[in-house]
Every structure is written in structure tokens, then in C-alpha cells.
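Colleague: Could you take one part of this model and go through it closely, giving the cut-offs behind each term as you use it?

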Amino acid sequence: MLRRRLLQATLGSGLLSACSMPGAQVPSLAPIRARTDRIFDIAVCLRPFRAAGPRLDTERLGDTLVVHNYGHGGSGWSLSWGSSSIAVAKAMQVHPQEIAVIGCGALGLTSAILAQRAGARVTIYAAEQLPQTRSARASGAWTPDSRIALRSAAGPDFGALWEDMARTAYKTHCDYLGLPGAPVEWTDFYSVAAEEQSSPQAASPMPAETLHVASYGRRIADLVPKGMRLPADAAPFRAASVHQNEFMIFNIADYGHTLLNDFFVAGGQYRHAQFQHPVQIAALGKRVVINCTGYGARALWRDDSVVPVRGQIARLIPQPDVRYGLYYKHVYVVPRRDGIVVQALDGGDMKGYGDSNEIVDRAESDHAVTTLAELFSPPIWRGAPVTS
């Protein structure tokens, strides 16, 4: 169940073809050098989860209209352009010539750029620019309904809203394909099932029945390729089953650099600022402010509906010849060009729910990399021996 759930989150559609590929050749894959001494970075991200989905409403702070754009769980990058399109449309109803954006992560930057394209002068107020934000610690895969809401809390119209955001975001992400640095690209993905499946992991801090995450991938099944199970003689790994698909990934270092450059080239301004209370935002004297503070909104807006979902990624030294992602024994791999991302996903979709600890757990990443190494050793690995 967990393996199929991961495929749904990663591939968007959740649809797998039962047919194999007659006469298919075994893909020629470069092995990943999965060694713990090749880990050069470990980062923890607190995903800003809201049971009802992202907050996109407005409120007044005196003469200032605040448009909220936060609470996307694990879907911030994936939904950014779609969610920000909605926020900017609400902001522009005031016909402002100038807009302030609070936050410089994925949502802040896309909101700022879209506001510029709508004709507004934009200033971003934030404590950090993108490379230092929590957005920079994401895995970097197109997962538009990852921890987006709970089935029990999302309203009846949320599915349609989510679909609109996902389709808008997808189309805009595609505009960044083929650019220098490959900020966005498509690559192969393999889900490998071992002979013996792992036993269920411990439950999340809250009762499992209250944490049924909403899934909307089938609404955009037409946007992504349909996965297929590879026949044993055409699979690059010897395992109980191997499914192959393609997924969109974000090379966050290059993507972030591209977005920051686009913002500044269009005349955008950045002001270092830290806010402890909404009154300080009203004191900016702006007619319209778009609030893209992510998990920070929990403290700034006293919004207890924002719940942290802790996630940790390790990055292995990049390998230019590794252009495929993996899922194996609850270990997830995204082949970013700024480092091969390895993430432990044992415990299910809501692993880390309610955990605000941002201290790195080296043992967690070491275990994930060691597990990944099994794939590239006999008898599972069918390719050339792994070189150091």
C-alpha cells in the first residue's frame, strides 16, 4: 500500500499499466555510488501542512489587504505557480501599482514574479532569500497532492480548486524545460519491490484513522505518462516487481537561481525583514501584501492549523550519468543535478507529523543510503559493478 501510495504522489496520476513491453531491452543505467561517505549535505524541512488545504483567503489589517498563500504540505514547489496565480489575481483586484510579498521561498518568488507580470512593482520582505529558506530543503519532485489535505477536512470544492492549481502550475513548470542549468526536467523513475516486503512501521503521533491524506492525482492523469510493470528480462533490477515511469523534477539550486534572477531583472526589490506580529506588516504601509510565510505563518499569524511534517533529505555527490529516480524499501531517490537526493519514507505519508525538530539525524540518512546500496549489489543489480 505504501509503495503504491508513493507512486501516486510521485507520478501524479496513480495509474499503472498492467502490460509489459514485448521485446524490450534492459535499460542501461549507471549505478548510484550509494556510500555514506559520499553524503555531503543533510537537511531537514518542516512541511507546512493544513488539514483543510492551503490558505488562500484574504483579510484586512487596517488599510492593508493581506492575501494568504501558505500551507501546502509537501506540494509547495509543485503547486507554486497555480496557487500563486490565485493569490495574485486576488491582489490585483485592488488594482495596485505596488505589492509587497512576505517570504522568499517557492511561493513567495512565484507570487512576486506573477505580480510583476501583471504590472505591479514588487518588493519581497523576508529574513532569508531562497537558498536559506525551508523551500530549498525540499526533495525536488513534482508531487502536487503530497500531504496537501486530509480527506475529512478538505471541503467539497477543494478537489476542483486543487486541479486548477495543479494544471496551471504544470503548464508553467513546462516553460522552464530546456533552459540552461536544467531548472526543470523529466527523467525516468523505477519502483523496485524486494522479494520480502518490510513490515508496517510505527504509526504517526495521531491515530491513523484521523490522518487519511487526500489524493487527487487521478484528476490530472492526462498530464503524466502511464507507468508500466517491466518484464523480468527487461528490468534493470532482479526483484519481485519493477515498475517504470517518468517524473518531473526540480533542480532546486538552478531553479531557485533562475527565479531570483527573473525577479531582480524585472526590477524586483528585496528587503531583509523579520516579522513577529501582523501589526508590523500593516506598518509597511502597502495597500496589498501577499503572505507566503509557509511554516512561519504558524507563529506569525498564530495559526495553529499549520502543523509541521518533518522531512529529512541527504544529498550524495552528483553523478552526471545518473538520470533516473528510485523507490526501494521505503527509500526515495531524486536525481537532482545539485546532488542525488536520498530520503527515508518508512512510516508512511505522514511520517514526521507534528514533529518540529529541525536537528539533523545522521543515522536516518546513513540507513537510507545503506539500504539503497543493496540495489547495486548482486544478485539484485544487473549492470556493471559499482566503481568507487
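**From a buried threonine to the open sheet**

Modeller: T187 lies in strand β7 (residues 184-193), where strands (E, at least two residues) and helices (H or I, at least four) are DSSP runs numbered from the N terminus. This is a predicted model, in which local features need pLDDT of at least 70 and side-chain atom pairs count only at pLDDT 80 or more, whereas totals for chains, interfaces and linings use all residues. Residues are numbered from 1 along each chain as its sequence is written, and side-chain values use heavy atoms, with hydrogens and water left out.

With a relative accessible area of 6%, T187 is buried; the term means under 20% relative accessible area, with exposed over 50% and partly exposed in between (1.4 Å probe, protein chains only). Neighbours within four places in sequence set aside, T187 is in contact with N245, E246, F247, I249, R323, Y324 and P335, contact meaning heavy atoms within 4.5 Å.

The part I would examine most closely is the open sheet of six strands, which has mixed pairing and the order β3-β4-β11-β5-β6-β10; two strands pair if DSSP finds at least two bridges between them. Its edge strands, each pairing on one side only, are β3 (58-61) and β10 (269-272). Neighbouring strands of this sheet are turned by 25 degrees against each other on average, direction ignored, with axes taken as lines fitted to C-alpha atoms (for helices over the stretch in contact) and angles running from 0 to 180 degrees between N-to-C directions.

Within this sheet, β6 and β10 pair in the parallel sense over four bridges. A126, in strand β6 (residues 121-126), stands opposite H272 in β10. A126 counts as buried because its relative accessibility is 6%. Apart from neighbours within four places in sequence, A126 is in contact with G103, C104, Y270, R271, H272 and A273. A126 and F275, although 149 residues apart in sequence, are 8.4 Å apart in space, C-alpha to C-alpha.

Helix α3 (residues 106-117) belongs to the same discussion, since its buried residues pack against β5 (98-102), β6 and β11 (288-291), as well as against α2 (76-92) and α5 (252-265). The helix has 12 residues and reaches 17 Å from its first C-alpha to its last, close to the 16 Å expected at 1.5 Å a residue, the expected span being 1.5 Å times one less than the number of residues. Because 11 of its 12 residues are buried, α3 is largely enclosed by the rest of the structure. Among these buried residues are L107, L109, I113 and L114. After α3 comes G119, whose phi is positive, near 105 degrees.

Elsewhere, strand β2 (residues 39-50) is mostly covered, with 10 of its 12 residues buried. It runs antiparallel to strand β12 (residues 306-316), to which 11 bridges join it, and the partner of D41 in β12 is R315.

Among the aromatic residues, W77, W81, Y176, F250 and Y255 form one cluster; rings of Phe, Tyr and Trp (its six-membered ring) pair if their centres lie within 6.5 Å, with planes under 30 degrees apart counted as stacked, over 60 as edge-to-face and the rest as tilted. By this rule there are 18 aromatic pairs, including the tilted pair of F250 and Y255, at 5.7 Å centre to centre and 35 degrees between the planes. Both F250 and Y255 are buried.
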